Structures are given as C-alpha cells and as structure tokens.
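Please open the model in your viewer and keep the selection panel at hand, since each stop below begins with something to select.

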Amino acid sequence: MINVSTAVPNDNLIVERQSSILVKGRQRKNQLKCDAESIAGCVSQRACVYCGARVVLNPVTDAIHLVHGPIGCASYTWDIRGSLSSGSELYRNSFSTDLKENDVIFGGEKKLARAIDELVEKYKAELVFVYSTCVVGVIGDDLEAVCKAAAQKHGIQVIPVQSSGFIGNKSAGYRAACDALLRLIEPPGGPRPLNNGRLVKSVNYLGDFNLAGEAWIIKDYLKRIGVEVNVVFTGDSNYRDLKKAPEASLNIMQCAGSMAYLARRMEVLYGIPSMRISFLGLEDTAASLRRIAAFFDDPEMMRRAEELIEQETAAVRPEIERYREKLSGKKAAIYVGGGFKAISLIKQFREIGIDVVMVGTQTGREEEYQTLHDISDDGTVILDDANPSELERFMIEQGAHLLVGGVKERPLAYKLGVAFIDHNHDRKHPLSGYVGAVNFAREVYSTVCSPVWKYARDVGGGLYAAGNKALPER
Ligand code: SF4
C-alpha cells in the first residue's frame, strides 16, 4: 500500500481504499490500484455481474431475455433504459422465473425449463438468453443443461449467460455477455473467416447500445464516407444480423470496457482486427472518422471523411462556442463506467471551457488510468471503484459545479446541490457525434446555469453546507 498521508488527506477514508485514489501532481501515475475486487463493506458504486451482462445483451431486440432469479433482479428492463429498436420490441420485456424460498431449497431447474417452454410458445423467438443471478450461483442450478435441453426441444438457440454474483464484478458480467455472443455468432462446424480474407468496406460497431438512436447517427456518418456497418454490438441488433458478424473487415470499438474481450476473441477466431474509437465530442469524432478511413487506405474515403468533418463541425461550432462562453471556468466531476468514456469526457469538457477536477470509473483499466493521469490537470483527484461518501467528499473539496455519471450518482449530486448530467444507459437523447456534442453542451449549460441552484443555496446549500464549504459561485 502507498503512503498517501501527504497526497490524499486520509481522514474519513477507509484505509484499504487509499491506494485506489490519487491526486495528479502529488503521486506517480502508476500508483493507482484498479481492476481489482471491491472491498467488502465499502458500498461500491459498481453494478453487479448480472447488471454488466444485461447492459451488453439487453439491446438484442428480438431475443427473449429471461432472468433466472428473484423478481427484483428483473427490474432492469428497456423501460428504464434508452436503447432504441428499428424492428422487434420483444427486448422491452424482462421475463423472470421469480425464484422463491421453495425454489432455493429444492432447486429452480424445472421452473426454468417450464418458463422457457411458455415463453418460446408465446413469442416464437429464435433466441433466448437466460441470465444467472446471485441466488442461482448459491443454489447451483445447472443452466447449461437446462438451456441445452430447451434448445434441442424447440430447435432454437437458448444461451446461458453465466452472470451469477460472487464470480467477480461488473467486468465479469461484460465477459459473460461476450461469451454468450461468441456462442451465438460461431457458425456450425466451428469458427472460420467468413469474408474469405477480402477487405470489404464493412465494419462491426462494438460497444454502442443505440441509446436514443446513437448507433443510427454513427451509421449515417460511416455510410457517408463509404463504410457499411455490418452489425452493431449490440444496439438495435437482432439474431440474424449478429450471426453475420464474421463477415466484417474491422471491429471498431466505442465502449472498450465491455467489448475488448469480444474484439480480442474475434481477432483470434475470425482474423478481424479491432480499433478503439470514440464518437464523444468534436475532437474524438473527427479523429475516429479519420482513423477508420485510414484503415481502408482509400483516398476517396479519406476525402469524404474530411468533407464530412468540415461540414458537420461548421454546423455545430457556433452553438458550442456560445455555450463555451457561458461555461468557461466551471468545474466538473466525472464518475462513469469505463475509462475510455472518461478520457473522451475530459476532452469534451475542455471543448466547452470546463475543467475536470475529479475523475473516476467503475471498471477502468491500468492503461486507461495512465491516459487519464496524463491528460488531467495537476490537482485532479483520480479514483477507481468509488463509494458515495468518497464522491461527495471530493466533489465538495474540489468545488465541482457539475457531476456527470449514471443513475446511482444522480441523487448524490442533487443532495449536494450540484448540477448533474446522466451519461449512462438511462438517458433519452443522443450524446454521440456532432449532434451529440451540441446536445451535451446544451445539457451542461441548462443544468449548471439553472436558477434552481440559487434556491438550493438559500435553503442551506445542500450538503455543501454540511461540509462547511460554500457552494461554488455560478
Ligand atoms: S440479487 Fe445479485 S444478480 Fe440480482 S440484482 Fe442484486 S446483485 Fe445483481
């Protein structure tokens, strides 16, 4: 463990957590501990294994998503998430075997088999995902055997998702989902490169969940420069399209935290290389389009990419500049799922004149934290797998005007009297590409400059007052 006594003030910090927090400029970047299990009792903001798997698979629109577990786990459905579909709406349902005490004692396999029979009969789907949950991990139901028997009985694919608790954290859920997808796309007779080595101008788009139609925006950009999107993993995807995944020439990857494993496996199995891209913010969107065009080494594609970048940037720049004038000098705190998104967000905040004073993730990896450290200003607090009291403390100490995070972070910000932006799967408007960059700037402006914070200050300044610190000026 490192000595943080001269770096992060350690009063009120749980001792075991100190090595997961550093301050840029006071410690070396490789001193941050990450990619490790949460410490018991620390009330981590991380989501569970099942949640990680469900995030990745939920947007497969024509699948039956059956949660084998108590009813509470199944609350995680389309209707609290923003993934859109151009076809089937079956994914909007979340089915559950609703395990009860008797099932825990006597086992839930028969109940699971009956549930699959009933759902397949009613919905005629070609694909069923069966998610394991904590309770199933405890009682030891054999999901593999039940799914195999159901697949043979109905002549469809019934894929177990091994996402029971206790096997790890949200990252283990990502991997479980990717394993399920690999079973789905593997052709009969074993894997082989289906594009026969030809360089078709076609990509798979990994790690976009079509929140508020974001995948459609990016598909349109790629089409305009001459690249077809073969299939999106998994936004607005379906059984038939996912099967065709090995036909693409390149995997481009937005959410690397959830998809890096799948990309690596597809390179081994099908010879498809992968490239990390980001369509968050003007800088990263332009850089990503250029990198994709460069991969195909096609002068006409490069020309069209430059033309698109110039047109789209010119269309949104004046509005973004207007917001930049209003927001210049404000301070933001970031706490999101993956490291790659956090990196893009720091750049995107700079585009609108905002300094990032705290940045953390649920599942960031060492190389992502190194980049976060490199691009952060001195004094920025960088932390992995935080808990609510740490987030509140560092937002107060750093004087943040805004927190960007997900559904679990929203109440923390509001209780402090701090503006909040949802950058997770629950949001309902696109934040990707050029249109997304404007939406982001507009949303930041609307929340940071809202008059409501004046009234929060008038009634006591939220928890900022409890922390004996004045609310930051607006
Ligand atoms: S019971 Fe387990 S699987 Fe279900 S939501 Fe809670 S942590 Fe996740």
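Select E214, I217, I218 and Y221 in helix α7 together with G433, V435 and G436 in helix α16, and you will have the residues through which these two helices meet in what is a predicted model. By class, the residues of this contact divide into four nonpolar, two polar and one charged. Extend the selection to residues 214-225 for α7 and to residues 433-448 for α16, and the two axes can be followed to where they come within 8 Å, crossing at roughly 135 degrees. Angles from 65 to 115 degrees count as roughly perpendicular and those over 145 as roughly antiparallel, and α7 and α16 are therefore oblique to each other.

Next, colour the strands β7, β6, β8 and β9, which in that order make up an open sheet of four strands with parallel pairing. The edges are formed by β7, at residues 228-234, and by β9, at residues 274-276, each of which pairs on one side only. Neighbouring strands of this sheet are turned by 25 degrees against each other on average, with direction ignored. Staying within the sheet, select residues 202-208, which form β6, and look for the six bridges that join this strand to the parallel β7. Which residue of β7 stands opposite L206? The residue to pick there is F233.

Now move to residues 402-405, strand β13, which is covered on both faces: L402 and V404 lie on one side, L403 and G405 lie on the other, and all of them are buried. Such a division fits the general rule that in a regular strand the side chains alternate between the two faces of the sheet. Strand β10, at residues 331-336, runs parallel to β13 and is joined to it by three bridges, with A332 standing opposite L402. Strand β14, at residues 419-422, also pairs with β13 in the parallel sense, over four bridges, and here the bridge partner of L402 is A419.

From the strands, turn to helix α14 at residues 388-398, where the buried residues are E390, L391, E392, R393, F394, M395 and I396. The helix is followed by G399, and a check of its backbone will show a positive phi near 70 degrees.

Finally, select the ligand and display the residues around it, which are C48, Y50, C51, G69, C73, T133, C134 and G165. How many residues of this shell are charged, and how many are nonpolar or polar? The shell around the ligand has five nonpolar residues, three polar ones and no charged residues.

Key:
Residues are numbered from 1 along each chain as its sequence is written. This is a predicted model: local features need pLDDT of at least 70, side-chain atom pairs count only at pLDDT 80 or more; totals for chains, interfaces and linings use all residues. Two strands pair if DSSP finds at least two bridges between them. Axes are lines fitted to C-alpha atoms, for helices over the stretch in contact, and angles run from 0 to 180 degrees between N-to-C directions. A residue is near a molecule or strand if its C-beta atom, placed from the backbone, lies within 6 Å of it. Ala, Val, Leu, Ile, Met, Phe, Trp, Tyr, Cys and Pro count as nonpolar, Asp, Glu, Lys and Arg as charged, and the others, Gly among them, as polar. Angles under 35 degrees count as roughly parallel, over 145 as roughly antiparallel, 65 to 115 as roughly perpendicular and the rest as oblique. Two residues are in contact if their C-beta atoms, placed from the backbone, lie within 7 Å. A residue is buried if 20 or more other C-beta atoms lie within 10 Å of its own, exposed if 12 or fewer, and partly exposed in between; C-beta atoms are placed from the backbone.
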